[in-house]
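Visitor: Before we look at the details, I would like to hear the reasoning behind the terms you use.
Guide: Then let us take the terms in turn, with the structure in view.

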Amino acid sequence: AVVSTQSTGGDGVAYANKDLKADIVLDMATLTGAQGISTGVHHGALLTNNAQWESSALAAGLTSGDMLFPIIFAPELHFSEFKSSMADMKNSVASRTNAQSSCAGLFIGSHLFQDWFTPSPIVWLHIDMAYPVHTGERATGWGPALLLTLFGSFSKSALLSSLGPVLPASQAFKRAKHDD
């Protein structure tokens, strides 16, 4: 049974990992109202398993104006929120007071990793953008500029490449190999 339809993005990240063999998986969702409580109406919430990419994403947010703020990445403390007596996992938190935005992101990320405690070669970034994407009844356009800035260095466009933050060395090497 699906307890919460807000946490169903796992299929997309699983597809990116298993079928597309992606090195970097970024999911963006208007996932939880808790994001607004965690990071406010102007900043998206950023959850990632990679500190270097966290820094790059924060820098891209400042450059683009689509700002981010990191939320707690502690699967060892939060993954127990999904225990279920009937299924492998329940897609809703047991306690709404326990870092709900982080937990919702971890539910999606769980579809990438067999074990949170083993270092993974997959870089995963989760962005919860529930609040910055709208003001009242109007959309703000939040998000595309962030993605263009963050991944612009992978582009052959001189303008986009100039906007991108400095990438971790392993990704810059992969980019250089891809351009050949």
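The exchange below concerns a predicted model and turns on one of its helices.

Visitor: How is the protein chain built up from the N terminus on?
Guide: The protein chain has eight helices and six strands, and their order is α-β-α-β-α-β-α-α-β-β-β-α-α-α.

Visitor: What makes the span of helix α3 close to the expected one?
Guide: Helix α3, residues 51-64, has 14 residues, and the distance from its first C-alpha to its last is 20 Å, which is set against the 20 Å expected at 1.5 Å a residue.

Visitor: Which residues of α3 are called buried, and why?
Guide: Buried stands for under 20% relative accessible area, and in α3 the residues that count as buried are Trp 53, Ser 56, Ala 57, Ala 60 and Gly 61. These five cover an arc of only 140° around the axis, and therefore lie on the same side of α3. In general, an α-helix has 3.6 residues a turn, so residues three or four places apart point the same way.

Visitor: What does the face turned away from the buried side of α3 carry?
Guide: That face carries Ala 51 and Leu 62, both exposed, a term that requires over 50% relative accessible area.

Visitor: What makes the pair at the start of α3 a polar contact?
Guide: A side-chain oxygen of Asn 50 comes to within 3.0 Å of the backbone nitrogen of Gln 52, and the cut-off for such a pair is 3.5 Å. Just after α3, Gly 65 adopts a positive phi of about 90°.

Methods. Residues are numbered from 1 along each chain as its sequence is written. This is a predicted model: local features need pLDDT of at least 70, side-chain atom pairs count only at pLDDT 80 or more; totals for chains, interfaces and linings use all residues. Side-chain values use heavy atoms; hydrogens and water are left out. Helices (H or I, at least four residues) and strands (E, at least two) are DSSP runs, numbered from the N terminus. The expected span of a helix is 1.5 Å times one less than its number of residues. Buried means under 20% relative accessible area, exposed over 50%, partly exposed in between (1.4 Å probe, protein chains only). The arc is that of the directions from the helix axis to the C-beta atoms. A polar contact is a pair of N or O atoms within 3.5 Å; within protein, one must be able to donate a hydrogen and the other to accept it, and residues adjacent in sequence count only if both atoms are side-chain atoms.
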